[in-house]
Amino acid sequence: MRFSKSCLKNFFTVVLIFIYLLLTAVAAFLAYQTISDFLEKLNNPVMSVIYKEVDSFSSPGIALYPGKAQLLSCKHHYHDYIPPLVDPGKPQEVDCNITEVIYFGPFVNETEKKALVVRGPSDVRNKELIFMQFSRNETEEDFSAINYMLFAKFSDLIDSANKSEFMRDCERNYSMWTFSGGFRTWVKMSLLTTSGVKNEAVEFRQESSVVKFNDKRPEGAQTDQLYFAVFEWRDPFMQEIRLIVTANAWSSIAILCGVFMALFKAANFAKLTIKWTIKMRKRHLRNKARELNHLT
């Protein structure tokens, strides 16, 4: 009967130690998972999209690279209305604010570039647009197109101390687009700002539609290729994307504190269990020695 009680006590001791080890493993895994989730949320912020309605945008910069093409006209119109063409292919009125910048590009062995930078439309409520017309002798080329680039504010170029360096940075950070000869390309712009954890980025998105130009000029005057481009804001909504870090350091610390307290309690429980086991073992040995002495 005594042997059975001793075995039962030892069995429960082993079970308690096993429970301690299991709780320790669970607490350690929970601590690891909490730290991993915190780092994952810290490195992968959540995007919050906000649409902000405005009456007008800051005038963007429209950088055009006409090459050998000649700017014939540049006019502001409103309410999506473009008057019929009068004498296409001949120089006409230019009422746009245009700045010419010559600089060395950041790519392709830093070739020299000439950009005509036009102050873009700003009055989105009245649907302000800019209509431009170019002409170029295309007798020696199979295909013809004019490259252009959009950047956030035309005033940034004007206020820049070094316009060439400013254009180099813009070309390095913004995308290039094209519009072809013999067509009217209608570009509708929208602005996207992204507020990151450390900095803010501005990006243009555009929707373009192309319409073929019906050239009614005399055959002798059709040797020059004509280009037509229209730039307008798509709608009065500015899209803002904010990167939000959902990782909460204080909640993670609170969870870890609870885990460590559980580990401490489990360690204290294991310590008392081991002491109790040693005590019971010593008592069993004393009783056994006393019985042996009694028999002798």
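Cysteine 96 has a relative accessibility of 12%, so this residue counts as buried, the limit being under 20%. I should state at once that we are looking at a predicted model. With that in mind, let me stay with cysteine 96 for a moment.

To which residue is cysteine 96 joined? Its partner is cysteine 74, and the disulfide between the two has an S to S distance of 2.1 Å. The structure contains one disulfide. The two cysteines stand 22 residues apart and link distant parts of the chain. Cysteine 74 belongs to strand E3, residues 70-77, while cysteine 96 sits in the loop between E3 and strand E4, which covers 98-104. As for the geometry, the torsion about the S-S bond is about -90°, and the disulfide is therefore left-handed.

Is cysteine 74 buried or exposed? Cysteine 74 has a relative accessible area of 0%, so it is buried. Cysteine 170 is buried too, with a relative accessible area of 5%.

I turn next to valine 230. This residue is part of strand E11, which runs over residues 224-233. Its relative accessibility is 0%, and valine 230 is therefore classed as buried. How far apart are valine 230 and histidine 77 in space? From C-alpha to C-alpha the distance is 9.9 Å, although 153 residues separate the pair in sequence.

Let us now move to the surface, beginning with the nonpolar side chains. A nonpolar patch is formed there by Phe11, Phe12, Val15, Leu16, Phe18, Ile19, Leu22, Leu23 and Val26. Together these residues have about 830 Å² of accessible area. One of them, phenylalanine 12, is located in helix H1, residues 2-43. Why is phenylalanine 12 described as partly exposed? Its relative accessible area is 46%, and partly exposed lies between the buried limit, under 20%, and the exposed one, over 50%.

The other surface feature I wish to present is charged. Which residues gather in the patch of positive charge? They are Lys279, Lys282, Arg283, Arg286 and Arg290. Of this group, I single out arginine 290, which lies in helix H4, spanning residues 249-295. Arginine 290 reaches 51% relative accessibility and so counts as exposed, for which the value must be over 50%.

To close, I return to the disulfide: cysteine 74 and cysteine 96 are joined, with cysteine 74 buried at 0% and cysteine 96 buried at 12%. On the surface, the nonpolar patch includes phenylalanine 12, and the patch of positive charge includes arginine 290. Thank you.

Notes
Residues numbered from 1 in each chain as written. Predicted model: local features only at pLDDT ≥ 70, side-chain atom pairs only at ≥ 80, totals over all residues. Heavy atoms only, no water. Patch = residues over 30% accessible without salt bridge, like charges linked within 9 Å, V, L, I, M, F, W, Y side chains within 5 Å. Areas by Shrake-Rupley, 256 points an atom, 1.4 Å probe, with all protein chains shown as cover. Salt bridge = Lys/Arg side-chain N within 4 Å of Asp/Glu carboxyl O. Lys, Arg positive; Asp, Glu negative; His and termini not counted. Charge placed at Lys NZ, Arg CZ, Asp CG, Glu CD. Helix = DSSP H or I, 4+ residues; strand = E, 2+ residues; numbered from the N terminus. Buried < 20%, exposed > 50% of the residue type's maximum accessible area, 1.4 Å probe, protein only. Disulfide = S-S within 2.5 Å.
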